[in-house]
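Good morning, colleagues. I would like to take a few minutes to present one model, beginning with its overall figures and then turning to its salt bridges.

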Amino acid sequence: MTDHRHPQISSRKQPRQARSTELVAAILQAAVQVLAQEGATRFTTARVAEKAGVSVGSVYQYFPNKAAILFRLQTDEWKETTGMLQRILEDIDTPPLERLRTMVRAFIRSECDEAEMRVALNDAAPLYRDAPEAQQIRAPADRAVALFMEELLPRADTATRSLACDLITTTLSTVGKRFSETPRSPAEIEVYADAMADMFCAYLVRLQGS
């Protein structure tokens, strides 16, 4: 039986020619502007088409509905964040706890720099949050943190490492979002990120000694 709880969020097709690529880029740029101006609740395909200066039919060539457009914006954001996390956590020339501190600083700074867009995308999350496509996109970041924990806690059992991964990723995403909802100065961001990193490091050092 087909599951109709979630709208289709995958793109209809991928652009193959320069002209098509430019069209999709224009649609996505317009979508960012509409999302910033109108928010997720008033975000529509028609508004995106109007902002991009194209027909609604042109948008539907690539995106079947507004959920697919929003999911593409969210996917791009997730991929950018994942790439950042992987570059930091996989830098084996840097001590693990220093990598963790760098990751926390970079993540909190990123949350604050793009707070307006992230809040709007979070409002749209119910459209795609539990879809298989969303889980697939988030998986590389989860794997990067899991591999980092294996390196950092080689003697810990699987359950302990899994708990550490969940605690850190959940705290980063939840607390980072809340912190970024208020405009912050660079100094405030640094102090807050360092305090969070201190907390994580103390917890992991304790696990290392267990």
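**Surface, fold and salt bridges**

The chain has an accessible surface of about 12,000 Å², and carbon and sulfur atoms account for 51% of that area. Please keep in mind that this is a predicted model. Of the 210 residues in the chain, 40% are buried. Taken along the principal axes, the box filled by the C-alpha atoms is roughly 60 × 45 × 35 Å.

Let me turn to the secondary structure. The chain comprises nine helices and zero strands, so the order of elements from the N terminus reads α-α-α-α-α-α-α-α-α. As for contacts between residues at least 6 apart in sequence, 73% of them join residues at least 24 apart.

Next, the charges. The chain carries 26 positive and 28 negative charges, and the mean positions of the two sets lie 6 Å apart.

How many salt bridges does the structure hold? There are seven, and I shall discuss three of them individually.

I begin with Glu38 and Arg42, whose closest N and O atoms are 2.0 Å apart in their salt bridge. Glu38 has a relative accessible area of 27% and is therefore classed as partly exposed, the range being 20% to 50%. Arg42, at 41% relative accessibility, is likewise partly exposed.

The second salt bridge joins Glu151 to Arg99, with 2.6 Å between the closest N and O atoms. Because Glu151 belongs to helix α7 (residues 132–152) and Arg99 to helix α5 (residues 96–113), this pair ties together parts that are 52 residues apart in sequence. Is Arg99 buried or exposed? Its relative accessible area is 2%, so Arg99 is buried. Its partner Glu151, by contrast, is partly exposed at 37% relative accessibility.

The third salt bridge is formed by the side chains of Arg101 and Asp194, at 3.9 Å from N to O. Here too, distant parts of the chain are linked: Arg101 is in helix α5 and Asp194 in helix α9 (residues 186–208), 93 residues apart. Arg101 counts as partly exposed, with 21% relative accessibility. Asp194 has 18% relative accessibility, and because the cut-off for buried is under 20%, Asp194 counts as buried.

Which residues are joined with this pair into one network? Through salt bridges that share partners, Arg101, Arg105, Asp194 and Asp198 form a single network.

Thank you for your attention.

Definitions and conventions: Residues numbered from 1 in each chain as written. Predicted model: local features only at pLDDT ≥ 70, side-chain atom pairs only at ≥ 80, totals over all residues. Heavy atoms only, no water. Salt bridge = Lys/Arg side-chain N within 4 Å of Asp/Glu carboxyl O. Buried < 20%, exposed > 50% of the residue type's maximum accessible area, 1.4 Å probe, protein only. Helix = DSSP H or I, 4+ residues; strand = E, 2+ residues; numbered from the N terminus. Contact = heavy atoms within 4.5 Å. Areas by Shrake-Rupley, 256 points an atom, 1.4 Å probe, with all protein chains shown as cover. Lys, Arg positive; Asp, Glu negative; His and termini not counted. Charge placed at Lys NZ, Arg CZ, Asp CG, Glu CD.
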